[in-house]
Amino acid sequence: MHKIALATIALSLIAAPALAGPKEDAVAERQAYFKKLGGNMGPLAKLLKGDYDAATAQQHADALADLTTQDISGLFVEGTSTEDMPGKTEALPVIWEDMDGFAAKYEALATAAANLKAEAGKGKAQLAAAFGPVGASCKSCHDGFRD
């Protein structure tokens, strides 16, 4: 009896991701994408607060800049806002109401990240100067488009 119960639980865990629909998949992919961005911002911020290492700074700046060259429009499927999926996402409905404004914020992030990539390995002062606009770009999008 226990073997049947364990097998049923195991199969349900394997099948659960297959039950997710395109909206849930888009939200999961979107959240994973932004976690990758944050996963590179954090180490860069630590380098500014502590010991600077050019190779580490360049590695994270490169990764961040490369991420911002990706087309993320497919991650913003209609019906995946906080209003549509409460508790599952922090994407405000205004994203879909002002997609041009949202795209402009993302383009500003890409521009700032490209500059960060060019400056990060040159020194702590250059990293700091280039990091500020990236952080400001992130904040401006969070302020307008994230709950």
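This report walks through the helices, the core and some charged residues of a predicted model.

## The overall fold

Let's start with the big picture. The protein has 147 residues, and 32% of them are buried. Its secondary structure consists of 6 helices and 0 strands. Reading from the N terminus, the order of elements is therefore simple to write down: α-α-α-α-α-α.

How do the contacts spread along the chain? Among contacts with a separation of 6 or more, 71% are between residues 24 or more positions apart. On the outside, the accessible surface amounts to about 8,700 Å², and carbon and sulfur atoms account for 61% of that area.

## The nonpolar core

Now look inside. The largest nonpolar core contains 29 residues, and Leu44, Leu64 and Leu116 have the most contacts within it. Several elements give two or more residues to this core: helix 2 (22–49), helix 3 (54–67), helix 4 (94–97), helix 5 (99–119) and helix 6 (124–145).

Leu44 is a good residue to find in the structure. Which residues does Leu44 contact, leaving aside neighbours within four places in sequence? They are Ala57, His60, Ala61, Leu64, Leu116, Leu127 and Phe131. Two of the other core residues named above, Leu64 and Leu116, are on this list.

## Salt bridges between distant parts

The whole structure has 4 salt bridges. One of them joins the side chains of Asp66 and Lys117, with an N to O distance of 3.4 Å. Asp66 is in helix 3 and Lys117 is in helix 5, so this pair links parts of the chain that are 51 residues apart. Asp66 is partly exposed, because its relative accessibility of 41% falls between the limits of 20% and 50%. Lys117 is partly exposed too, at 34%.

Another salt bridge forms between Arg146 and Glu90, whose closest N and O atoms are 2.6 Å apart. Arg146 sits in the segment after helix 6, while Glu90 belongs to the loop between helix 3 and helix 4, so the pair ties together parts 56 residues apart in sequence. Arg146 is partly exposed at 40% relative accessibility, and Glu90 is partly exposed with a relative accessible area of 37%.

## A salt bridge within one helix

Next comes a pair found in a single helix. The side chains of Asp143 and Lys139 meet in a salt bridge of 2.7 Å, N to O. Both residues lie in helix 6, 4 residues apart, which is about one turn of the helix. Asp143 counts as exposed because its relative accessibility, 54%, is over 50%.

## A buried arginine

Finally, turn to Arg30, which is located in helix 2. Is Arg30 buried or exposed, and what is the nearest side chain of opposite charge? Arg30 is buried and has no salt bridge; that nearest side chain is Asp84, 8.1 Å away. The distance to Asp84 is over the 4 Å limit, so this pair does not count as a salt bridge.

Arg30 does have a polar partner, though: a polar atom of its side chain lies 2.8 Å from the backbone oxygen of Thr80. Not counting residues up to four places away in sequence, Arg30 touches Leu75, Phe76, Val77, Thr80, Thr89, Ala91 and Trp96. Thr80 therefore appears in both descriptions, as the owner of that backbone oxygen and as one of the residues touched by Arg30.

Key: Residues numbered from 1 in each chain as written. Predicted model: local features only at pLDDT ≥ 70, side-chain atom pairs only at ≥ 80, totals over all residues. Heavy atoms only, no water. Core = buried A, V, L, I, M, F, W, Y, C linked by side-chain atoms within 4.5 Å. Buried < 20%, exposed > 50% of the residue type's maximum accessible area, 1.4 Å probe, protein only. Contact = heavy atoms within 4.5 Å. Lys, Arg positive; Asp, Glu negative; His and termini not counted. Polar contact = N/O pair within 3.5 Å; in protein donor to acceptor, adjacent residues only side chain to side chain. Areas by Shrake-Rupley, 256 points an atom, 1.4 Å probe, with all protein chains shown as cover.
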